[in-house]
Amino acid sequence: MEKTVSRDAISTILSNPSPDSSSDLPEIVVQVLDLKLTGNRYMFNASDGKKSVRAILPSNLSSDVISGNIQNKGLIRILDYALNEIPTKSEKYLIVTKCEVVSSALEMEIKAEVTGEESGIILKPKGGDEMKSEVRREGPGIVLKPKQEMVAKSAAQIVHEQHRNMAPAARMAMTRRVHPLVSLNPYQGNWTIKVRVTSKANMRTYKNARGEGCVFNVELTDEDGTQIQATMFNEAARKFYDRFQLGKVYYISKGTLKVANKQFKTVQNDYEMTLNEYSEVEEAVNEASFIPETKFNFVPIDELGPYVSGNELVDIIGVVQSVSPTMSIRRKSNNELVPKRDITVADETKRTVVVSLWNDLATNVGQELLDIADKSPIVAIKSLKVGDFQGVSLSTLGRSTVLVNPDIPESKKLRSWYESEGKGASMASIGSGLSPSAKTGARSMYSDRVSLSYITSNPDLGDDKPVYFSIRAFIGLIKPDQTMWYRACKTCNKKVTDAVGSGYWCEGCQKNDEECSLRYIMIAKVSDGSGEAWISVFNEEAETIIGCSADELDRLKSQMGEENSYQMKLKEATWVPHLFRVSVAQHEYNNEKRQRITLRGVAPVDFAAESKLLLEEISKKLSQQNA
C-alpha cells in the first residue's frame, strides 16, 4: 500500500479550525515541506498536494526533528491541532499539538492533478515526469446522484431542532476543548487549559512612574507536568487572589501570553501568562482530577557556589539540623516588619547551609519544623534565592514551596543515609569552607583565579554588579588601632545601641537585651607576587584568619599590662598563605567612585591541589608556545 497524503486534508483543517475533541478528527495525513528552524521552533508548510498552510511545531516536538523522525518531504498524521490567526500577518497558522510520523522523507513533493471529478492522490512512479491521478469508480461508468429534495422549514422548527440537539451543561463541561500547556503560544485565539496551582506567591504592592498597584503570580501545572507562570495585576489580582488556592485544579481561559522574561521566570517555559479582570477561572469540581508531579531539580549543598548572587533559583533537599526562633525584620523599603526564621539543613555531601524562611513560611512551616526539630525532619524546598551572606546562604521568596518529610525517592534515600551515617558525621558549613575541592565547581577556590594586580589595575571592575575572583595571597597587615568589631544582637546579628537604663536595643528585632556579642568588621592588607590591596573582612572570615572570636580578642585587648598579647595575636595572623574568594564592586565616597574588595570566603592552601593547578597552567603555556 502506497503512503500518501489524505484527500482534502487542508480543507478539512480550514473548515474546522478548533476541533472539540481529537478523537472525532478524521484521518489527516500531510506532507512536511520547507521544514526549518525559526527562533526556537520549527516551521513548515503542511501540504495535501492541492493546498498548503504554514504550520508550527511546539517546542516539545523539536526533539523529533533533531532526531530525524520528522523530516522534510516526510509524511505526518496530525492527531490534534489548532488553527490560529496571527495579528501581524494575513495568513493563518496551523499549530500541530500532537502528531505521529507516517513516512520518512519521500523522493519528491506530492502534487495533485484534478481531471473531471475530484481524484485521489498518489505518488508519481519513479522515472515519470508528472504526478498521475487516479479516478476511483464503483463501476465502469460515472453514476450521478439525483438532486436532493429541499424541504422548507419554519424558523420555529429550526429553533426546536437546535434545542433538541444541544448537549446538556454537564456534557459540555466534560467535552470542553482543553489545550495542553505545551501547545499555547502568543498568536493563539481562544483556548482553555486545565491546570493545578502548584505554587502561589503572596500579594505584593509596587510603586512606579505610572502609580501604585498590586500584583501576585501563580505557577500552574497541567497533567503532562508542563508548567507556566501566570501573573495578575491590580483588579485581576484582587479578583483572583482568594480564588486561586494552592493544590486545587482550575479551568482557565481568556488569558494572554508573551515571551517569558528570562531574568524573572521561575519555570521551564518559553512563555508566561497574564490574566486580566475579564479572564475566566473556574474550579474543576465533581470530576476526576489529575495530580501533576511536583518537579524538583535538587542541587547538592556543596554545589551551590555557582548560583551565588545569580538570577537562577535552586531547589534543595536536606535534613534539618537546627531551627531558630522567629524574629521580626524591618524592611528598608516601606519600614514594614516581616517575620523571619532561619533553619540549618544538611545533605549527603556533609555540608550545611542556612535557609531563611520569610513571612508565612517563617510562622507556619517554621513553627512546625521547630516543634519536630528533635526528630530531624527532612525538607524539600523549591525556588530558593542564593545569596552571599556568610559565603553562601539561601532565602525563600513569595513563590517558594516547602514540603516537610515529602514522600519522594530522594527523601527516603536521604533518611536512610542520615540514620546509618549522617547522624554521627561531622558537618561543615558550605559558606565557611568554599572548599578548594574541584566539586564546588565554578565558585571553588581554583576557579576565576587572578592576581591582585589584575583587580587593582582594572578600576571599572564591578561597575554594573559585583564580580567574583579567587586569589592566593598573604595577610600583610592588620592595623591594631582600627575599630575591629561592632556590638551585635545575639538573635539577628544586627548592630545594637545602648538602651535607656540598661542593656542594648536592637532595631531589627525591636527589643532590649541585657547582653550582646561582638562581631568582626575590619580591613586588612593582602599581598601576592603582583602587588597588594586593602580588603574588607567580616566576622566568619576574620575568625578563620585571626583564630579567635571578637569577644576573645577584646578580652586580650582589655587585659591590663598585656597589650602585647593583643598585638601578638594579630601579628601571628600575618604572612600565612590563604586562598581567598573575593567580590569586587564599586561604591561612592564623596561623590567619587571607588573600588571595594570584600572577602567572601577563606580556606587554607591545599598544596597538592595548588601544585596540580600550577602544572596545568604550565602545560597550557607550553601548548600555546608550540601552537
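**Exercise 1. Overall make-up**

Task: State how many helices and strands the protein has, what share of its residues is buried, and how much surface it exposes.

Solution: Start with the secondary structure. The protein, seen here as a predicted model, has 13 helices and 31 strands. Next, take burial: of the 627 residues, 42% are buried. Then turn to the surface, where about 35,200 Å² is exposed and 49% of this comes from carbon and sulfur atoms. Last, look at the contacts with a separation of 6 or more: 63% of them join residues 24 or more positions apart.

**Exercise 2. A three-stranded sheet**

Task: Work out the strand order of the sheet that contains β25, β26 and β27, and name its edge strands.

Solution: The order is β25-β26-β27, in an open sheet with antiparallel pairing. The edges are β25 (496-498) and β27 (511-513), since each of these pairs on one side only. On average, neighbouring strands in this sheet are turned by 35° against each other, with direction ignored.

Now examine one pair in detail. β25 and β26 (residues 504-506) run antiparallel and are joined by three bridges. Within this pair, D498 stands opposite Y504 of β26. As background, strands of a sheet pair through backbone hydrogen bonds, in either a parallel or an antiparallel way.

**Exercise 3. Strand β23 and its partners**

Task: Find which strands β23 pairs with, through bridges to β30 and to β28, and give a bridge partner in each case.

Solution: Begin with β30 (residues 577-589). Its pairing with β23 is antiparallel and spans eight bridges. One residue pair here is I471 with F580, the latter in β30. Continue with β28. Three bridges connect β28 to β23, and the two strands run antiparallel. The bridge partner of I475 in β28 is V526.

**Exercise 4. F469: buried or exposed?**

Task: Decide whether F469 is buried or exposed, and list what F469 contacts away from its sequence neighbours.

Solution: First locate F469, which is in strand β23 (residues 467-477). The relative accessibility of F469 is 10%, and the cut-off for buried is under 20%, so F469 counts as buried.

Next, list the contacts, leaving aside neighbours within four places in sequence. F469 is in contact with D448, V450, Y454, I455, L461, F580, R581, V582 and V584. F580, in this list of contacts, is also the bridge partner of I471.

Finally, take one distance. F469 and I455 are 14 residues apart along the chain, and their C-alpha atoms are separated by 8.8 Å.

**Exercise 5. A nonpolar surface patch**

Task: Identify the residues that form a nonpolar patch with L477, and classify I523 by accessibility.

Solution: The patch on the surface consists of L477, I523 and W534, with about 240 Å² of accessible area together. I523 is located in strand β28 (residues 517-528). With 35% relative accessibility, I523 falls between the cut-offs of 20% and 50% and therefore counts as partly exposed.

**Exercise 6. Two buried polar residues**

Task: Compare the burial and contacts of S253 with those of T352.

Solution: S253 belongs to strand β12 (residues 249-253). Its relative accessibility is 11%, so S253 counts as buried. Not counting residues up to four places away in sequence, S253 touches W191, T192, S279 and E280.

T352 belongs to strand β19. Because its relative accessibility is 12%, T352 also counts as buried. Beyond its neighbours within four places in sequence, T352 is in contact with I301, T344, V345, A346, M427, A428, S429 and I430.

**Exercise 7. Asparagines with positive phi**

Task: Which loops hold N359 and N405, and what are the phi values of N359 and N405?

Solution: Recall the background first: most residues other than glycine have a negative phi. N359 has a positive phi of about 55° although it is not a glycine. Its place is the loop between β19 (351-358) and α6 (360-371). At 23% relative accessibility, N359 counts as partly exposed.

N405 likewise is not a glycine and has a positive phi, of about 50°. The loop holding N405 lies between β21 (393-404) and α7 (409-420). N405 has 41% relative accessibility and so counts as partly exposed.

Note on methods: Residues numbered from 1 in each chain as written. Predicted model: local features only at pLDDT ≥ 70, side-chain atom pairs only at ≥ 80, totals over all residues. Heavy atoms only, no water. Helix = DSSP H or I, 4+ residues; strand = E, 2+ residues; numbered from the N terminus. Axes fitted to C-alpha atoms, helices over the stretch in contact; angles between N-to-C directions. Buried < 20%, exposed > 50% of the residue type's maximum accessible area, 1.4 Å probe, protein only. Contact = heavy atoms within 4.5 Å. Patch = residues over 30% accessible without salt bridge, like charges linked within 9 Å, V, L, I, M, F, W, Y side chains within 5 Å. Areas by Shrake-Rupley, 256 points an atom, 1.4 Å probe, with all protein chains shown as cover. Salt bridge = Lys/Arg side-chain N within 4 Å of Asp/Glu carboxyl O.
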